[in-house]
Amino acid sequence: MVRTLTQAAAWVDDVGLALLFPKDDVVLPSLWEQVNGSAASNWAVRGEAGEFVHWTEEMAFLWGAKDDLPAQGLVCVGKHVARVATCVAPRLVPALVAAREPYEPEGVEAEIVAAITRDGPLTGPELRDAVGAAKKDVDKSVATLHRRLVLTNSHLVEQDGPWGAIAHDLLRRKWGVRKRLPARDAARRELATVFLAAAGEVTAADLSPLGWRRKEAAAVLDEIAESREGEGFRIWARR
């Protein structure tokens with residue numbers, strides 16, 4: 001069971017890639033399951049009327065860890081895979097970037113990138129002030145830039161109210177990704193191997209959280225695994 005940031009970082013480094021919380025259609029493991037001992041969603045302690053009292057001990061730890069891990073340079077965290085919060089081992093960040101299609105931000109996205117490049121990590125409210133855009137437009141742009149591996153979580157900034165705000169940084173700057181990346185084919189093989197190791201066997205659709213088309217995923221899997229026919233689809237298993 002994971003109980004400290006050091007243990008969480010070591011586990012993520014071992015698996016390479018994990019979700020923060022489990023998602024039914026994604027074969028990757030989740031940090032929540034390692035902290036909680038299962039995928040059960042017992043996140044809160046509630047009163048007799050069902051009202052929220054406080055987080056469970058496990059959820060309280062994970063809620064802080066998701067911000068402390070990137071802040072301390074231990075784990076890359078952001079909405080980078082399957083459009084949900086993802087934990088990426090620093091050693092795997094270059095491969096994740098290399099495997100994605102190049103992306104050139106435009107409009108509000110480009111303004112956000114320019115502001116963070118100039119001023120350093122910025123929160124949502126700070127970005128709205130910097131680019132003069134509405135909250136919905138900034139939030140949508142930030143989500144896209146996370147998915148495209150342009151931005152990532154940097155650290156939590158305390159503010160008025162019960163919740164802090166996440167500061168976003170350029171992913172390549174935050175994690176020291178060099179201009180010269182691994183070869184794209186090698187990077188894709190490495191990521192497909194991570195999925196295979198997590199699940200034991202996968203279909204081409206199981207790699208869709210990486211943003212790959214099924215034909216592309218099948219070609220990569222053919223290079224690293226043996227396949228068999230399922231009920232109308234192919235299944236690849238570790239050699």
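**View 1. Charged side chains of the predicted model.** This model is predicted. The chain carries 31 positive and 34 negative side chains. The centres of these two sets lie 6 Å apart.

**View 2. The surface and the interior.** The chain exposes about 12600 Å². Carbon and sulfur atoms supply 50% of that area. Of the 239 residues in the chain, 43% are buried.

**View 3. The whole chain.** Along its principal axes, the C-alpha trace spans about 55 × 50 × 30 Å. The radius of gyration is 19 Å, which agrees with the value near 18 Å for a compact globule of 239 residues. The secondary structure comes to 10 helices and 11 strands. Take the contacts with a separation of 6 or more: residues 24 or more positions apart account for 57% of them.

**View 4. The largest nonpolar core.** This core has 37 residues. Leu-17, Leu-207, Leu-210 and Trp-212 have the most contacts inside it. Two strands, S1 (17-19) and S4 (76-81), each give two or more residues to this core. So do three helices: H4 (93-99), H9 (184-199) and H10 (214-224).

**View 5. Around Leu-207.** Which residues touch Leu-207, leaving aside its neighbours within four places in sequence? Leu-207 is in contact with Ala-192, Phe-195 and Val-202. Trp-212, Ala-217 and Leu-221 complete the set. Leu-207 and Trp-212 are also among the residues with the most contacts inside the largest core.

**View 6. A second core.** Separate from the largest core, a second one has 19 residues. Among them are Leu-31, Val-35, Val-75 and Cys-87.

Definitions and conventions
Residues numbered from 1 in each chain as written. Predicted model: local features only at pLDDT ≥ 70, side-chain atom pairs only at ≥ 80, totals over all residues. Heavy atoms only, no water. Helix = DSSP H or I, 4+ residues; strand = E, 2+ residues; numbered from the N terminus. Rg over C-alpha atoms; globule rule 2.2 N^0.38 Å. Buried < 20%, exposed > 50% of the residue type's maximum accessible area, 1.4 Å probe, protein only. Contact = heavy atoms within 4.5 Å. Areas by Shrake-Rupley, 256 points an atom, 1.4 Å probe, with all protein chains shown as cover. Lys, Arg positive; Asp, Glu negative; His and termini not counted. Charge placed at Lys NZ, Arg CZ, Asp CG, Glu CD. Core = buried A, V, L, I, M, F, W, Y, C linked by side-chain atoms within 4.5 Å.
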